[in-house]
Amino acid sequence: MSFRTTIAAGVAAAMALGMGTAAAANDYPTGTINWVIPFGAGGGSDRLSRMFASEAERHFGGASLNVENHPGAGAVTGWQHVLNQPADGYTVFNATPTPIITLLSEEDAPIDPGDIEILGYLAAFASVLVVREDEFPDWDSFVAALQERPITIGGTNALLLGAANVIDQAGAEAIYVPYGSTGESVTDFLGGHIDVAAVTESTALTIVPENGIALMNTSSIALPDDVNEALGNPPMATDLGFSGLAFPRWVGMHPDTPEDVMARFAEMFEAAATDPEVQAAFEAAGEPIIFLDRAAAAADYEAMVRTMRNAIGLLQ
Amino acid sequence: MQIEAFYDALALVFTVQTMFWLLIGVFLGVGLGAIPGLTASTGIALMLPLSFTLDITGALGLLIGLYKGAVFGGSISAISFATPGAPDSAATVYDGYKLTKKGKGRKAILTALYSSVTADTASDIVVILVAPTIALLALQFGPTERLWLMVVAITLLGTLSGRHLAKGMLSAGIGLFLGTIGADPVSNVARNTFGQDWLRDGIHLVPLVIGIFAMSQMLDQGLELLRKTRKGQQVEKSTKDLFGKSSEGLTFREYLSCWREMGIGIGVGTFVGALPGLGATVAAFMSYGIAKQAFPEKKIGEGSIHGIAAAEAGNNATVGPTLVPLLAFGIPGSATAALIGAALILQGITPSPRMFSLHAEVIYALFIILILGNFANLGIGRMFAFVYARLGQVPGEVLVPIIMVMAVIGAFAARGDPADVYMMLGLGFLGFLMRRVGIPEAPLVITFLIAPLLEENLRRALLINRGDWGGALFGSALGIGLAGFAVLVLVITFRMNVGNRLAQIGHEEDKNGK
């Protein structure tokens, strides 16, 4: 085969591939969409993904949603798996901040937190600072105390990032004490071993008002009204002039996926996440849907990664 | 007591599914216990992936039932063939097998069953009464105090090490190292991973336990099979009609006459079980040893039902109390407790003192299952013990490959990660080598469980005290008290040579038996 015919064959093949992609986009989706989560079977993320797959499948144009667990390496294995699949819209990645924190803590991370196209948020939990009212009645007294003496804040790494982000913007410093689970940090808070617990809003509801008050919601996304009220309407980071940090359950795709496929998926995802029946199912499971559409989610994601990159240095 | 939570718990427990899984658990447990080489830990490790697919009470029923059944089941083969089904039944061999040789195997097995169930029930009641109070106290335990509690657990390992303290410590050292693999608990940076990404999450409990407890034993037994021992066939002939209906049973008067031995077993078992780090084997030997010294007139060791009652009450009395450190402090005191803790975490419930207020219904359900499990154990043990006695004769050629396949499936199924299978096989080989040179596995598993917790708490204590070691270690009276207790345990272990003495009891009896 001559050099010229090789090139011709290559061009023909490329055209055929290109046409194939275009055709695929037109009738996307058919068959099975693989819904990849970077956590093992049985955990909270797994439960929610499976619930979404069964409740929301009818919004995905006849395609079926198949949840795949790819745990490991601080939730980065699943991400790498998604990037190794064809960029055809049939592999979706549904994760939390966990893999982002892993990638940002790693010195030579295998991939970058930007190696994904964000198509929506399914939920976004907040880091709420819970304190004892007699020690810190409000945010100003808390900041004043931070200037005077060392104050210990306990929580999981993600939630501590939310706390460090606002405290740094307030020009103060604190001692961040990392815990493997929120349960352990709350136990130490209740026992009086740490001054502040950084917890999600659902955990905060188990502490407030009997054992503490919600000092601040460090998130960039508002809490549902009833939750906010039950927590005594704590100020939000943005109310005090800070940029906040939310912790989303985000959904994304391989960045090389054709744009029309991604647009179609984002539409279907929005229809599913805003369906009152789907929302009621999540509400009943105690994990209400807080939906952000593609544009809003992508903007928040970019800001979140930037903020986390800065805040992660504060924890060490 | 929150009466509403109690009603919720009743509704959770008294369902067809929960009862079904509890019975299945006990049924499998007694069988696994009766098969030499398979222990409660093996069984729970193999069943854990299945339990993840059940609801919370079903999972607890399966695991707790299996545990209770297996601790009793070990006595069946100890009595029938002088081969303890699990190490915790080793003390039962001395009297049990002698009774079998006298044609009183039926009496011996019934003694084991009744004393097991009696002691198990009594110690469960103690747990139900005491655990909520301990959990309230546990809030006083911050990082410093928890740190010392775990040091106490490690110092207690000396008694698990048998005659060779150094071998026990080597095992503990391997466990400590395995426990540090993965992301650093404070800065989240990977370490000791040898550059392997898949080690970043550390070594998981399920492949570790399956590898160390199940695979290593099967490799060992597989090798024995290749060498083909003839011992098994000899036994087969002699036990065929040992347990016929015509042979002597156990009268109620005889059962009552064992009350002192059962009392010793309940006391020792409850105490030893509640201490993190020790377990059924130590309790059985201690209880047996104390009863033997206290009542020389009962001729324990020469084929007396009183020896069986002491040993079997001792090991079963640890079942409930082993959950106390888990429920109260979130510290798994044994491999089994850690597996039950893993099942709880997968159901979204982190074991901690707050469990009693946040998930009171789950705690009550667990208490109810603890008690119900004893009735299931009694019923199933009574009906099938003599059938199970034959299980010990299942040829290794059948058993070893089946368990090996189950080990591979179990290691993969827990998280669906193929790396876990390689890890399990590697650890199985490690466990096999350790068995060959006489290094005990228990200290490895316990330090593996405790090492990460110990490190986290030490580093948190240091962070809270801004790097001041004095404050981090001795910042509270409770911390100093626990540190003193750890030193005391260490001194007693060395001065009194506890590990050696426990091993000695076994050794002397072995000699007497010959």
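The following exchange concerns a predicted model and the grounds for some statements about it.

Me: What makes residues 232-238 of chain B a stretch to treat with caution?
Reply: The mean pLDDT of chain B is 81, and 89% of its residues reach 70 or more. Over residues 232-238 of chain B, however, the pLDDT is below 50, on a scale of confidence that runs from 0 to 100. Where pLDDT is low, the predicted coordinates should therefore not be read in detail. Beyond near neighbours in sequence, this stretch has two contacts in the model.

Me: How do you know which residues belong to domain 1 and domain 2 of chain A?
Reply: The domain assignment gives 3-22 + 31-121 + 248-315 of chain A as domain 1, and 128-240 as domain 2. Their C-alpha centres lie 30 Å apart.

Me: What makes the two domains of chain A count as touching?
Reply: Residues are in contact if their C-beta atoms lie within 7 Å, and twelve residues from each of the two domains take part. On the side of domain 1 of chain A, helix α12 (residues 294-315) gives the largest share, seven residues.

Me: Why is one residue on that side of domain 1 of chain A called charged?
Reply: Asp, Glu, Lys and Arg count as charged, so that one residue must be among these types. The others on this side are nine nonpolar and two polar residues.

Me: What makes up the side of chain A that touches chain B?
Reply: The contact takes 31 residues from chain A and 33 from chain B. The side of chain A has eleven nonpolar, 18 polar and two charged residues. Helix α7(A) gives the most, with six residues.

Conventions
Residues are numbered from 1 along each chain as its sequence is written. Chains are lettered from A and ligands numbered from 1 in the order in which they are written. This is a predicted model: local features need pLDDT of at least 70, side-chain atom pairs count only at pLDDT 80 or more; totals for chains, interfaces and linings use all residues. pLDDT is the predictor's confidence in each residue, from 0 to 100. Domain bounds come from an automatic or database domain assignment. Helices (H or I, at least four residues) and strands (E, at least two) are DSSP runs, numbered from the N terminus.
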